There are 2 protein chains.
Amino acid sequence: MKKRLIVDIDGVLADIYGQFRKFELEDFGHNQDLSKITGKLEEEAFVNGEIYMATQGFFRHASVIKGSVEAIEKLNQRHDLFIVSAATKFPNSMAEKQEWLLEHFPFITWEQIVFCGTKEIIKGDIMIDDHFKNLDKFYGQTILFSQPHNLNRIENGHSRVTNWKEIIELLS
Amino acid sequence: MKKRLIVDIDGVLADIYGQFRKFELEDFGHNQDLSKITGKLEEEAFVNGEIYMATQGFFRHASVIKGSVEAIEKLNQRHDLFIVSAATKFPNSMAEKQEWLLEHFPFITWEQIVFCGTKEIIKGDIMIDDHFKNLDKFYGQTILFSQPHNLNRIENGHSRVTNWKEIIELLS
């Protein structure tokens, strides 16, 4: 039986920092030094972060994280794969995220997509996520995708990866 | 520790048959006899059912099923309650359903809402649903909410209820 693999969108498939920084540049005319926001959660690092996330197009126009399309296509063959995104805080983001998935990951079907508020309700075997709050409550294998907000933190039992090549090696 | 209760929207909180029949009346000038569609799934009973569900406003303007608001408010105190709705087949329905919940069940927070394609990924203790496909794959206690499409079928281990008063008695 295939193992169920739970994959996050923001910060794992979609380059959300790129979007925050694009919006920040438009707002303030400059970007913060990345080293200064390392270790801060997105909402601490970007003062208007919540406003940006509620803005139409924020999620729809995010760039794809390098290597994720090829990796997900491969993992989708071997696993019972679900894309699970915390999204109900921003209800309009859900249709945007699904459109974004359809564009960049057309082999993912609507049956494989979940939008929720908290991921503690999700049942699976392996979870790939960039947030400790999601991984810490998951009972299976946990893979921490490095993002500025989670750097400088002890992994707490999760396997840290910095790119999709490492995930493919880890799950081979 | 509170038991986790998973509650469906369509056919359990929202009167979806009422919406199908309203749209059908507008389309054809008359309604089918309910007795003739008993036992048929919605998509078999209503020839344009899929078109109706993809129509803006279909979910937003559904009536609330009698007794559900008071019952959910009570159960929300005693349980770790989640509203889980199969919705990713119709991406625009998600924001509509969340707005509908906010209007009729304002005590439910965004953290308690999940939209998915299939419910087999959901972890919980008790599930209330009108579809066998969801209940049959759930490992906890299962409550079948009677709707025309599930009448005439053997309960297959699920507890059949016909209204929210019976659910409150069952879970007391």
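**Exercise 1. Find how many salt bridges cross the interface of domain 1 of chain A and domain 2 of chain A.**

Step 1. Apply the rule: a side-chain nitrogen of Lys or Arg within 4 Å of a carboxyl oxygen of Asp or Glu. This is a predicted model, in which local features need pLDDT of at least 70, side-chain atom pairs count only at pLDDT 80 or more, and totals for chains, interfaces and linings use all residues.

Step 2. Count. The rule finds one salt bridge across this interface.

**Exercise 2. Describe the contact between domain 1 and domain 2 of chain A.**

Step 1. Set the bounds. An automatic or database domain assignment supplies them: domain 1 is 4-15 + 62-170, and domain 2 is 16-53. Residues are numbered from 1 along each chain as its sequence is written.

Step 2. Place the domains. Their C-alpha centres lie 21 Å apart.

Step 3. Count residues in contact (heavy atoms within 4.5 Å). Domain 1 of chain A gives 14 residues and domain 2 of chain A gives 12 residues.

Step 4. Take the buried area, meaning the accessible area (1.4 Å probe) that two parts lose on being put together, summed over both. The two domains of chain A bury about 1,100 Å² between them. Carbon and sulfur atoms carry 58% of it.

**Exercise 3. Determine which operation lays chain B on chain A.**

Step 1. Superpose by least squares on the C-alpha atoms of residues with pLDDT of at least 70 in both copies.

Step 2. Read the operation. A turn of 180° and a shift of 0.0 Å along the axis give an RMSD of 0.0 Å.

Step 3. Name the symmetry. This relation is therefore that of a two-fold axis.

Step 4. Check the surface. The same surface serves both copies: of the contact residues of chain B, 100% recur in chain A.

Conventions:
Chains are lettered from A and ligands numbered from 1 in the order in which they are written. Side-chain values use heavy atoms; hydrogens and water are left out.
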